[in-house]
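Reader: I should like to go through this structure residue by residue and then turn to its domains. May we start once the sequence and the structure are displayed?

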Amino acid sequence: MWGCQKQQFMNNNEETKPRRIAVLGSTGSMGTQALEVIALHPELLQLEIIAANSSADILIQQAKQYHPNIVVVVQEEAYRKVKEALADEDVKVFCGEESLCDVCEMDCVDIVLSCIVGIAGLKPAFRTVSCGTPLAIANKETLVVAGELIMRTAKEHNAPVIPVDSEHSAIFQCLAGEHFNPVEKLIITASGGAFRTFTPEQLEKVTLKDALKHPNWSMGPKVTIDSASLMNKGLEVIEAKWLFGMPLEKIDVLVHPQSVIHSMVQFEDGSVKAQLGIPDMRLPIQYALTFPLRLPLPYPRLDFTQYGQFTFEKPNREMFPCLDMAYKASAAGGGMPCVMNAANEAAVKMFMEEKIKFTDIPRIIEHALATAPSVKPQTIEEYIALDAETKQRVMR
Ligand code: MG
């Protein structure tokens, strides 16, 4: 259902030694939470590798606190700083994008957790599944841009692809034990983002500061802005299509402003299973790493009386057209999801630099899709080239 599961990965009876984890993108919001979770369960999880693009100071602090065996830094200047700071520690420090991919293939890694933000996550993810290593995936671009290629390669090499995003983790949890039961529909819930209750006039005037206020989740800036535009939900629909092998018409989006129901699965008998919890990424991160086990997490529990009621509404597809753009781009296939994702990344960047309005984001993506070359990338390199070309085109 979610690619193929390596039997030994699923069979905890045979588990004798800790699972050795590589955390790519360890210095971001997801990465730091992942290190916290791994440190809670030394009997089952062992931090083997941490990797980041350029955040030298955080990487140095993480290496000293969590003692991985390998640290990878992509940018050279940051690498020199990290190397020097860790000279007295018992740790290997590698530099560059190629090293980031190479470590994914090392025998000392049982699971690669990719928390990389953006298209940079593509290559390491591909290399991971290419050698049959389980990939826990928090990086959205990998499946949005190259879902077909990644899942096909994962299947060929018997590499499980395990969801980390809260919605996909919820679906994954609902599907546990339902292996042979056909699914009628996936229902992905959405908070509705920071501007759910705004009028179109108000939406025209929102600022960067407004967009960075997510009602429920604490996340990085890119995904928070994507949540406000509903592009995040669009990307998640595409991810769900690949992760669970579901056609787009069987994937629904439902706005649930309390963000307690993280997503639902409807089966052929009409039964609906939901996964609930407080909005905290540490649970889906842990489940991805410890699956099929549930281990204690010493964090606050859901208090139903505190909520009083759960509410649901349809997403506003007119005000937030990014959601439908994602459905359309995914249905068109080929390079279109890649173009959409790249245009969105470029538009969000310009919005964060306060060069464009929030409502310009969907306009820019729409234009990029309408003027996109009709290409069907076949390799990771071709996807990366299309991504770069689209970003340049949008910036112009
Ligand atoms: Mg999500």
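**Salt bridges, covered residues and a domain interface**

Reader: What is the relative accessibility of Arg363?

Author: Arg363 counts as partly exposed, a class between buried (under 20% relative accessible area) and exposed (over 50%), with a 1.4 Å probe and protein chains only. This is a predicted model, in which local features need pLDDT of at least 70 and side-chain atom pairs count only at pLDDT 80 or more, whereas totals for chains, interfaces and linings use all residues. Residues are numbered from 1 along each chain as its sequence is written, and side-chain values use heavy atoms, with hydrogens and water left out. For Arg363 the relative accessibility is 44%.

Reader: Which residue has a side chain that meets the side chain of Asp360 in a salt bridge?

Author: The criterion is a side-chain nitrogen of Lys or Arg within 4 Å of a carboxyl oxygen of Asp or Glu. The two partners are 3 residues apart in helix H17 (residues 360–370), so about one helical turn separates them; helices (H or I, at least four residues) and strands (E, at least two) are DSSP runs, numbered from the N terminus. An α-helix has 3.6 residues a turn, so residues three or four places apart point the same way. At 3.1 Å, N to O, the partner of Asp360 is Arg363.

Reader: Which residues are joined into one network by salt bridges?

Author: The joining arises where salt bridges share partners. The members of this network are Lys140, Asp165, Glu167, Lys233, Glu236 and Glu239.

Reader: How many residues apart in sequence are the parts that Glu239 and Lys140 tie together?

Author: The side chains of Glu239 and Lys140 form a salt bridge, 3.9 Å from N to O. Both ends are covered: Glu239 counts as buried because its relative accessibility is 2%, and Lys140 counts as buried at 12%. Since Glu239 belongs to helix H12 (residues 231–244) and Lys140 to helix H7, the parts tied together are apart in sequence by 99 residues.

Reader: Which residue offers the backbone oxygen that the side chain of Asn139 reaches?

Author: Asn139 sits in the loop between strand S6 (135–137) and H7, and at 0% relative accessibility it is buried. Its side chain also makes a polar contact with the side chain of Thr142 at 2.5 Å; such a contact is a pair of N or O atoms within 3.5 Å, where within protein one must be able to donate a hydrogen and the other to accept it, and residues adjacent in sequence count only if both atoms are side-chain atoms. Among the residues that Asn139 touches, not counting those up to four places away in sequence, are Ser114 and Glu239, where contact means heavy atoms within 4.5 Å. The backbone oxygen, reached at 2.7 Å, is that of Ile116.

Reader: With which side chain does that of Glu36 make a polar contact?

Author: Glu36 lies in helix H2 (residues 29–40) and is partly exposed at 32% relative accessibility. Leaving aside neighbours within four places in sequence, Tyr66 and Tyr299 are among the residues in contact with Glu36. The polar contact, at 2.8 Å, is with the side chain of Arg282.

Reader: How many residues of helix H13 are buried?

Author: Helix H13 spans residues 282–290 and is mostly covered. Arg282 and Gln286 are among its buried residues, and Gln286 has a relative accessible area of 2%. Of the 9 residues in H13, the number buried is 8.

Reader: Which element gives the most to the side of domain 1 that touches domain 3?

Author: The domain assignment, automatic or from a database, gives domain 1 as 19–163 and domain 3 as 333–396. The two bury about 980 Å² between them, 72% of it on carbon and sulfur atoms, this being the accessible area (1.4 Å probe) that two parts lose on being put together, summed over both. In domain 1, Ile119, Val145 and Leu149 lose the most area to domain 3, together 46% of what that side buries. The elements giving two or more residues to that side are helix H6 (122–130) and helix H7 (140–156), and the most, 6 residues, comes from H7.

Reader: How many salt bridges does the rule find across the interface of domain 1 and domain 3?

Author: At this interface, 11 residues of domain 1 are in contact with 12 residues of domain 3. The rule finds 0 residue pairs in polar contact across it, both at pLDDT 80 or more. For salt bridges across this interface, the number found is 0.
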